[in-house]
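Please look over the chain below. The report that follows takes it one region at a time.

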Amino acid sequence: VNVKRPAEEFLAVLTEPTLCGRAQITLSQRIERDGETLVEATVRIACLDAKKMKPAALPDEIRRKMGAS
């Protein structure tokens, strides 16, 4: 995201995890103003082995906090 200028009003950014896999997390995001949805987005975060540039398992602590079993 490249913000060009600040908003002149209060905006709420809501983020909710929707999937926690072995090596990635998917988040659902909304930006709202006064209860009206202005933007919806899906964000995928992947965990990679930096040396091999291949998927790596998410740390157990993160998986637990995200509600994964």
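What follows covers a pocket, a strand pairing, a few single residues and two backbone angles.

**The model**

This is a predicted model. Residue numbers start from 1 along the chain as its sequence is written.

**The largest pocket**

The largest pocket has a volume of about 210 Å³. Two elements each give two or more residues to its lining: β2 (24-33) and β3 (36-46). The lining includes Gln29, Arg30 and Ile31. Val39, Glu40 and Ala41 also belong to the lining. So do Val1, Val3, Arg5, Ala7, Leu11 and Val13. By character, the lining divides into eight nonpolar residues, one polar and three charged.

**The β1–β2 pairing**

Strand β1 covers residues 12-20 and runs antiparallel to β2. Eight bridges join the two strands. One facing pair can be named: Leu19 stands opposite Thr26 in β2. The link between β1 and β2 is a hairpin of three residues.

**Glu32 in β2**

Is Glu32 buried or exposed? Glu32 is buried, because its relative accessible area is 16%, under the 20% cut-off. This residue sits in strand β2. Its side chain makes a polar contact with the side chain of Arg30, at 2.9 Å. Arg30 is also one of the residues that line the largest pocket.

Which residues does Glu32 touch, leaving aside neighbours within four places in sequence? They are Phe10, Leu11, Ala12, Leu14, Thr37 and Leu38. Leu11 from that list is also in the pocket lining. Val1 is another lining residue. The C-alpha atoms of Glu32 and Val1 are separated by 16 Å, and the two residues are 31 apart along the chain.

**Ala56 in a loop**

Ala56 lies in the loop between β5 (54-55) and α1 (60-65). Leaving aside neighbours within four places in sequence, Ala56 is in contact with Arg22, Ala23, Cys47, Leu48 and Asp49. Take Ala23 from that list. Ala56 and Ala23 are 33 residues apart in sequence, yet 5.6 Å apart in space, C-alpha to C-alpha.

**Positive phi outside glycine**

Asp34 has a positive phi, and Asp34 is not a glycine. Met53 also has a positive phi without being a glycine. The table sets out their values.

| Residue | Phi | Loop | Relative accessible area |
|---|---|---|---|
| Asp34 | near 50 degrees | between β2 and β3 | 77% |
| Met53 | about 55 degrees | between β4 (48-49) and β5 | 58% |

Why does Asp34 count as exposed? Its relative accessible area is 77%, and exposed means over 50%. Met53 counts as exposed because its relative accessibility is 58%, with the cut-off again at over 50%.

**Back to β2**

Strand β2 links several of these points. Strand β2 pairs with β1, holds Glu32 and gives residues to the lining of the largest pocket. The loop that holds Asp34 lies between β2 and β3.

Technical notes
Predicted model: local features only at pLDDT ≥ 70, side-chain atom pairs only at ≥ 80, totals over all residues. Heavy atoms only, no water. 1 Å grid on protein atoms, 1.4 Å probe; cavity = no way out; pocket = protein on both sides within 12 Å on 5 of 7 lines; lining within 4 Å. Points joined across faces, edges and corners; volume = space filled by probe spheres on them. Helix = DSSP H or I, 4+ residues; strand = E, 2+ residues; numbered from the N terminus. Nonpolar A, V, L, I, M, F, W, Y, C, P; charged D, E, K, R; others polar. Buried < 20%, exposed > 50% of the residue type's maximum accessible area, 1.4 Å probe, protein only. Contact = heavy atoms within 4.5 Å. Polar contact = N/O pair within 3.5 Å; in protein donor to acceptor, adjacent residues only side chain to side chain. Pairing = 2+ DSSP bridges.
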